Structure formats: C-alpha cells, structure tokens
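Visitor: I should like a close look at a single part of this model, the second largest pocket. Please describe its lining, and then continue outward from there.

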Amino acid sequence: MVMLEVKDLVVNYGVIQAVKGVSFEINEGEIVTLIGANGAGKTTIVKTISGLLKPKSGQIIYQNENLVRQKASQIVGAGISQVAEGRHIFAGMTVMENLQLGAFLQNNHDEAKKSYEEVFDRFPILKKRRNQDAATLSGGEQQMLAIGRALMIKPKLLLLDEPSMGLSPLFIQEIFAIIKELNDRGTTILLIEQNAKQALAIADRGYVLATGKVQLTGTGSELLANSEVQRVYFGG
Ligand SMILES: Nc1ncnc2c1ncn2[C@@H]1O[C@H](COP(=O)(O)OP(=O)(O)OP(=O)(O)O)[C@@H](O)[C@H]1O
Ligand SMILES: [Mg+2]
C-alpha cells in the first residue's frame, strides 16, 4: 500500500529551480532512499514534505490528503517526523528538554513518559546524559538525540536527511543498524544519504536524483549493481 506519493513536485528558491518535477512513492513498511550529488535537491524535497517549504506545483499525497496545503505542525500531527540535515539539537538545553520538544504534541503525560522510556531503551547513552547540555554531546550522541527526538511522536513515516554525516565509520555502521531496526519494528523510512552504497544496501528501493530530477529508480540491489551508479557514486 502506498503511504506517500510525491507527484510532479516543483520547488523554487526565487529564480533558482531546485526540484524540477520529481515523482516518487513510498510504500508502507519500506525503506526508500534518495541519493544524488550535492545540490541535487534532496534536502529541498524533505523540507517540502515536512511543510517547511511550499512547492511551486505538484502534490504530496499522504493518507488520501494533499500535504501541500497543510502546516508543518499538522504534518507532524499526521505522523511524519523528520531528522533535519546537520542534526539541529538545541544547545543550552538538556537532553531531556530536547526530547520534550519532540513530544510537544503529546498532551497525555503517560504517553509522553512511555515515549521517553522507549527512546532511553534504544539509546541508553542518552539516559546517562539526560541532564547534560545537549551541546556537550559527541557528534554521534547528538545524532542519536536528533533521532530520539523525532521518535517521541512515534512516527509512521520518518524522514532522515543524511543521518551518517560527519560520523566515524564505526558510528555510521551503528546508525544504519538503528535505521534498519526501526524499520523492522514498523516505521516506514525515507532515507537521504551521500553514503549511497550503505543506503542502497538497506533500502527496499531507491531513486537517483540529478539536478532536481529523478534519473534512475530501482530496488536497492538493482541500483547497487547498476554500472552508472557504481561509476558516479561508488568511485569506479
Ligand atoms: N535557501 C536557499 N536559497 C537559494 N537556493 C537554495 C536554498 N537552499 C537550497 N538552494 C539550492 O537548491 C539546490 C538544491 O539544494 P538542496 O539543499 O536541496 O540539495 P541536496 O541534494 O540536499 O544537497 P546536499 O547533498 O549538498 O545536502 C542547490 O542548488 C542549492 O544551492
Ligand atoms: Mg542536503
């Protein structure tokens, strides 16, 4: 069953055309990855899905509704949560306070408490650091916090924009394992990655973007085996 359908999406920044008619879909339960060079339009697409940018034209259909007309807060309320590129944890606030911001929609105290417990179960280091200023966490811990915050609303669809960026090789493995596990437990995932090889290895399907357009699509293994993808994205 299709969970999210992006149709003919066009997004401009003033006169700059960043996304030039992109279409793709995400089925329930899938990991779908968007790969592409710097400036291909990946972050623009994620921000448009989450309502932070309004497209010039096109549709984003989720649960029979066009998200294009909705506010970012409504989109989060409908179960779509994003981990923005570059993490964006709130400095000067503790780990707990950062997680609280993720739970802003949960008026129910018991539900919010359960969400903290689940995040702490998954990321025990965050529990240890819960009263510490988030700015003092290591890069990898900050990425866990950013993911943990997105999980506080128990999203149906999780948008991850370059979760492995700036992490050590060991930590990259851990982040990919976490993504796989979240998916195994039922969260549908849109994964944006520069790290194309590892993204395709865990993805059900992928789309290759080049300068604002979909160039190629296929299953993760088809794209991994594609000679053009190998040449451009795996360095030969
Ligand atoms: N606020 C903005 N104002 C003007 N142009 C922008 C703005 N944000 C992005 N762009 C341009 O839109 C294009 C797409 O950018 P986007 O950030 O979506 O790319 P990306 O695929 O996420 O790249 P990266 O892999 O480097 O994160 C780029 O040419 C970029 O310069
Ligand atoms: Mg980007």
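Guide: A pocket is found on a 1 Å grid over the protein atoms alone, as an open set of points with protein on both sides within 12 Å along at least five of seven lines, and its lining residues have an atom within 4 Å of a point. Points are joined across faces, edges and corners, and the volume is the space filled by probe spheres set on them, with a probe of 1.4 Å. The model is predicted, so local features need pLDDT of at least 70 and side-chain atom pairs count only at pLDDT 80 or more, whereas totals for chains, interfaces and linings use all residues. Residues are numbered from 1 along each chain as its sequence is written, chains are lettered from A and ligands numbered from 1 in the order written, and side-chain values use heavy atoms, without hydrogens or water.

The second largest pocket holds about 370 Å³ of space. It is lined by 18 residues, of which E118, R122, L182, R185 and T187 are the closest to its centre. Two elements give two or more residues to this lining, namely α4 (109-122) and α7 (169-184); helices are DSSP runs of H or I of at least four residues, strands are runs of E of at least two, and both are numbered from the N terminus. The largest share, five residues, belongs to α4. By class, the lining comprises eight charged, five polar and five nonpolar residues; Asp, Glu, Lys and Arg count as charged, Ala, Val, Leu, Ile, Met, Phe, Trp, Tyr, Cys and Pro as nonpolar, and the others, Gly among them, as polar.

The helix α4 also carries an aromatic pair, Y116 and F120. The model has two aromatic pairs, where rings of Phe, Tyr and Trp (its six-membered ring) pair if their centres lie within 6.5 Å, with planes under 30 degrees apart called stacked, over 60 edge-to-face and the rest tilted. One of these pairs is that of F24 and Y207, whose ring centres are 5.5 Å apart and whose planes meet at 55°, so it is tilted. Because F24 belongs to strand β2 (residues 16-27) and Y207 to strand β9 (residues 205-210), this pair ties together parts 183 residues apart in sequence. F24 is buried at a relative accessible area of 3%, and Y207 is buried at 7%; buried denotes under 20%, exposed over 50% and partly exposed the range in between, for a 1.4 Å probe and protein chains only. In the pair of Y116 and F120, the centres are 6.5 Å apart and the planes lie at 20°, so the pair is stacked. These two residues are four apart in α4 and therefore separated by about one helical turn. Y116 is buried, with 12% relative accessibility, as is F120, with 8%.

From F24 the path leads along β2 into an open sheet of four strands, ordered β2-β1-β4-β5 with antiparallel pairing; strands pair if DSSP finds at least two bridges between them. β2 and β5 are the edge strands, each with a single partner, so one side of each has no neighbour in the sheet. Within the sheet, strand β1 (residues 2-13) is joined to β4 by five antiparallel bridges, and V10 stands opposite S57 of β4. β4 and β5 are likewise antiparallel, through two bridges, with Y62 partnered by E65 in β5. These two strands make a hairpin with two residues between them, where Q63 has a positive phi of about 50°. N64 lies in the loop between β4 (57-62) and β5 (65-66) and counts as exposed because its relative accessibility is 78%. The C-alpha atoms of N64 and L4, 60 residues apart along the chain, are separated by 9.0 Å.

For comparison, the largest pocket has about 450 Å³ of space. Its lining has 19 residues, with V76, S81, Q82, F104 and R149 the closest to the centre. At least two residues each come from α2 (72-77), β6, α3 and α6 (139-151), and β6 gives the largest share, four residues. This lining is made up of twelve nonpolar, six polar and one charged residue.
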